[in-house]
Amino acid sequence: EKIKEGNLDHEFKVASDDDKLGKSLIEMRDSLKKAREEEEKRKVEDEKRRWANEGLAKFAEILRQDNDNLEKLSYNVLKNLVKYLNGNQGGIFLKNDEDKEDVYYELTAAYAYNRRKYLEKEYRPGEGLIGTCAIEQKTIYMAELPDNYINITSGLGNSNPRSLLIVPLKTDEEVLGIIELASFEEFEDYQIKFVEKLA
């Protein structure tokens, strides 16, 4: 009766070691339970895939707009990325190599708490997390940040988010920029992979 109702967590005890029907019912219940769990897992994976595909389509459209104005494009990408990830702030640092003797990454867009931020910041390769990401050409992800961490180490300012994601924008082996995102929630693996794919 309980299995028929869909209650697969109901405890059922066999009458004895010879209770073949009881044992079969328990095996059936366990099999149905496993199938249900696998179906739930598949639904979650499908939802993550759908979210990523919709996001990539959305950003492909954004990249087609304003691509003659780098500052405006940077800001639109950043604003939409922070919102899409439910983050709370972010920055895009683009490579400035006008002076070949003094190459640095400068903040071209900053966004926080649903408003545009105007900050002037620059990092040389190897300097801070932005410069480290530029040299290593790898994503930096940090969760459980200490208080005032962003204020001290990051390029974004005053808040105390819980996690920080820094992703290089690269073509071939050259890092053309860095995206830095901060959130009060931890970024999940599928979100990090999405940002890397977008980058």
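**Exercise 1. Count the helices and strands of this predicted model and state their order along the chain.**

Solution. The predicted protein holds 6 helices and 7 strands. Reading along the sequence gives the pattern α-α-α-β-β-β-β-α-β-α-β-β-α. For contacts between residues at least 6 apart in sequence, 50% join residues at least 24 apart. Of the 199 residues, 37% count as buried.

**Exercise 2. Find where confidence is lowest and where it is highest.**

Solution. Start with the whole protein: the average pLDDT is 86, and 89% of the residues score at least 70. Next, take the two extremes. Helix α5, residues 149-153, has the lowest confidence, with a mean of 49. Helix α6, residues 189-198, has the highest, at 95. Where pLDDT is low, the predicted coordinates should not be read in detail.

**Exercise 3. Determine how helices α2 and α3 are oriented to each other, and list the residues that make their contact.**

Solution. Step one is the geometry. Helix α2 covers residues 20-64 and helix α3 covers residues 70-84. They pack at an angle of about 160°, and their axes are 10 Å apart.

Step two is the classification. An angle over 145 degrees counts as roughly antiparallel, and α2 and α3 are therefore roughly antiparallel to each other. Their crossing is right-handed.

Step three is the contact. From α2 come Trp 51, Glu 54, Gly 55, Lys 58, Phe 59, Ile 62 and Leu 63. From α3 come Leu 73, Asn 76, Val 77, Asn 80, Leu 81 and Tyr 84. Sorted by class, the contact of α2 with α3 has 8 nonpolar, 3 polar and 2 charged residues. As background to such lists, an α-helix has 3.6 residues a turn, so residues three or four places apart point the same way.

**Exercise 4. Repeat the analysis for helices α2 and α6.**

Solution. The axes of α2 and α6 come within 10 Å and cross at roughly 25°. Angles under 35 degrees count as roughly parallel, and α2 and α6 are therefore roughly parallel to each other. The crossing of α2 and α6 is right-handed.

On the α2 side, the contact residues are Lys 48, Trp 51, Ala 52, Gly 55, Leu 56 and Phe 59. They meet Tyr 190, Gln 191, Phe 194, Lys 197 and Leu 198 of α6. This contact of α2 with α6 divides into 7 nonpolar, 2 polar and 2 charged residues.

Now compare the two lists for α2. Trp 51, Gly 55 and Phe 59 appear in the contact with α3 and also in the contact with α6.

**Exercise 5. Identify the residues that Ile 26 touches beyond its sequence neighbours.**

Solution. First place the residue: Ile 26 lies in helix α2. Leaving aside neighbours within four places in sequence, Ile 26 is in contact with Phe 12 and Val 14. Phe 12 is 14 residues away along the chain, and the C-alpha atoms of Ile 26 and Phe 12 are separated by 7.3 Å.

**Exercise 6. Describe helix α4 and the residue that follows it.**

Solution. Helix α4 spans residues 128-136, and its buried residues include Leu 129, Ile 130, Gly 131, Cys 133 and Ala 134. After α4 comes Gln 137, with a positive phi near 55°. Gln 137 sits in the loop between α4 and β5, residues 140-143.

Is Gln 137 buried or exposed? The relative accessible area of Gln 137 is 18%, and the cut-off for buried is under 20%, so Gln 137 is buried. Apart from neighbours within four places in sequence, Gln 137 contacts Pro 168, Lys 170, Glu 173 and Val 175.

**Exercise 7. Classify Asn 86, Asp 172 and Ala 182 as buried or exposed.**

Solution. Take Asn 86 in the loop between α3 and β1, residues 89-96. Its relative accessible area is 63%, and exposed means over 50%, so Asn 86 is exposed. The phi of Asn 86 is positive, near 55°, in a residue other than glycine.

Asp 172 is in the loop between β6 (163-171) and β7 (174-183). With a relative accessible area of 74%, Asp 172 is exposed. Its phi is also positive, near 55°.

Ala 182 is in strand β7. With a relative accessible area of 1%, Ala 182 is buried. The C-alpha atoms of Ala 182 and Ala 143 are separated by 9.8 Å, although the two are 39 residues apart along the chain.

Key. Residues numbered from 1 in each chain as written. Predicted model: local features only at pLDDT ≥ 70, side-chain atom pairs only at ≥ 80, totals over all residues. Heavy atoms only, no water. Buried < 20%, exposed > 50% of the residue type's maximum accessible area, 1.4 Å probe, protein only. Helix = DSSP H or I, 4+ residues; strand = E, 2+ residues; numbered from the N terminus. Axes fitted to C-alpha atoms, helices over the stretch in contact; angles between N-to-C directions. Parallel < 35°, antiparallel > 145°, perpendicular 65-115°, else oblique. Left-handed = near helix turned anticlockwise from the far one by under 90°. Contact = heavy atoms within 4.5 Å. Nonpolar A, V, L, I, M, F, W, Y, C, P; charged D, E, K, R; others polar. pLDDT = per-residue confidence, 0-100.
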